Amino acid sequence: MIIDGRLVAQKRLDLVLKQVESSGCQPCLATVLVGEDPGSKMYVRMKHEACEKVHIVSVKADLPATAATGEVITKIMELNQDPSIDGILVQLPLPPQVDASRVIQAVSPEKDVDGFHPCNIGLLYAGTPRFTPCTPKGIMTLLEEYNIPVRGERALVAGRSIDVGRPMAALLLHRDATITIAHSKTRDLKDEMRRADIVVSAIGKPRFITADMVKPGAVVIDVGINYLDGTLCGDVDFDRVKDVAGAISPVPGGVGPMTIASLMENTYMAAMERSCTNVP
Ligand SMILES: NC(=O)c1ccc[n+]([C@@H]2O[C@H](COP(=O)([O-])OP(=O)(O)OC[C@H]3O[C@@H](n4cnc5c(N)ncnc54)[C@H](OP(=O)(O)O)[C@@H]3O)[C@@H](O)[C@H]2O)c1
């Protein structure tokens, strides 16, 4: 079974549009982009396009590549205090001179629609999430939409980043999976992976997960966004692993669209939680 992220994301966007329209509110997302990285600019543009589709207002706060940590934080403080803004998204990665963790901590937890603020990570781990990071949230939506059982299953999350691997493991744990988190120091990844009923790969290495690493019938979710010889591909050797896996998400068209749909859901939620002061 091929897990179609575009289809599910469209369903979720349709739902957000309906919710926004019937709420009588106009949620507003602010994006903070530091520098001119083409990939980051493309992601920010896609987020603004998604906002437009679901009638969420979006505003840009662009800063030069030379911006210092203090300048980025000052901009975020302005957005925190602006009552017309419901959600703030800081596009990562930030340039090397900017202290990313200080910037993330400067975002008001009530507007942190990316869910990266330590308060929101803590709430997630406590089992009482407020804003769930968008990529793991989108993956859980995919598993639900495809009725993939999670309770009691062995799940392996490859990668332990704060934006994907760690929150992904927490969400699977809350759904009663038995979790292994693998990372670059994991001994014998293949052995660990072959035991897993569900594999989520967020490593960032093109076609690293090969067919012999996957248990027959396993569910394989590929988060990776990599380029190999100019072609976009995931962490998984899709063409071969699809013959072994029970279900698999492709790249492109799998997790990526779900990340954006989840951001729209979080922004709508943020607006509702702030009682939607931004009534048109
Ligand atoms: N589709 C989407 O919407 C979306 C969203 C976010 C990210 N992504 C993509 O997902 C990938 C991961 O993103 P990220 O932000 O989580 O990356 P990251 O911060 O670079 O983390 C990569 C993780 O992979 C681990 N790793 C590296 N080599 C490994 C190996 N050989 N075996 C096992 N683990 C290994 C690292 O381990 P250590 O901790 O030991 O270094 C680290 O925990 C990237 O390709 C990124 O572009 C996609």
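**View 1. The shell around the ligand in this predicted model.** Helix 10, which spans residues 255-273, gives the most to the shell around the ligand, with three residues. The model is a predicted one, and in it the ligand is surrounded by 25 residues, of which Gly-159, Ser-161, Ser-184, Gly-204 and Thr-259 come nearest. Sorted by class, this shell holds nine nonpolar, 12 polar and four charged residues.

**View 2. Strand 4, helix 7 and strand 5 as a β-α-β unit.** Strand 4 (residues 154-158) and strand 5 (residues 178-182) run parallel and are joined by five bridges. Among the paired residues, Val-157 has Ile-181 in strand 5 as its bridge partner, and Ala-158 is likewise partnered with Ala-182 in strand 5. Together with helix 7, these two strands make a β-α-β unit that is right-handed. As background for reading this view, strands of a sheet pair through backbone hydrogen bonds, in either a parallel or an antiparallel way.

**View 3. The open sheet of five strands.** The strands of this open sheet follow the order 5-4-6-7-10, and their pairing is parallel. Strand 5 and strand 10 (247-248) are the edge strands, since each of them pairs on one side only.

**View 4. Ile-221 and its surroundings in strand 7.** Ile-221 has its place in strand 7, which covers residues 219-222. Is this residue, Ile-221, buried or exposed? Ile-221 is buried, because 30 other C-beta atoms lie within 10 Å, and the cut-off for calling a residue buried is 20 or more. When residues up to four places away in sequence are not counted, Ile-221 touches Ile-139, Val-199, Val-200, Ser-249 and Val-255. Ser-161 is 60 residues apart from Ile-221 in sequence, and the two are 16 Å apart in space, taken from C-alpha to C-alpha.

**View 5. The buried side of helix 5.** In helix 5, made of residues 118-126, the buried residues are Asn-120, Ile-121 and Leu-124. These three cover an arc of only 100° around the axis, which means that they sit on the same side of helix 5. The general rule behind such a pattern is that an α-helix has 3.6 residues a turn, so residues three or four places apart point the same way. Helix 7 (165-174) is included in what covers the buried residues of helix 5. After helix 5 comes Gly-127, and the phi of Gly-127 is positive, near 90°.

**View 6. Strand 1 and the two strands that pair with it.** Strand 1, with residues 28-34, is mostly covered, as seven of its seven residues are buried. In a regular strand, the side chains alternate between the two faces of the sheet. Both faces of strand 1 are covered, with Cys-28, Ala-30, Val-32 and Val-34 buried on one side, and Leu-29, Thr-31 and Leu-33 buried on the other. Strand 1 pairs in the parallel sense with strand 2 (residues 57-63) over seven bridges, and within this pairing Thr-31 stands opposite Lys-60 in strand 2. To pass from strand 1 to strand 2, the chain crosses through helix 2 (residues 38-53), and this β-α-β crossover is right-handed. Strand 1 also pairs in the parallel sense with strand 3 (residues 87-90), here over four bridges, and Leu-29 has Gly-87 in strand 3 as its bridge partner.

Terms used. Residues numbered from 1 in each chain as written. Predicted model: local features only at pLDDT ≥ 70, side-chain atom pairs only at ≥ 80, totals over all residues. Buried ≥ 20, exposed ≤ 12 C-beta atoms within 10 Å, placed from the backbone. Arc of directions from axis to C-beta. Contact = placed C-beta atoms within 7 Å. Near = placed C-beta within 6 Å. Nonpolar A, V, L, I, M, F, W, Y, C, P; charged D, E, K, R; others polar. Pairing = 2+ DSSP bridges. Right-handed = clockwise from strand over helix to strand, strands pointing away.
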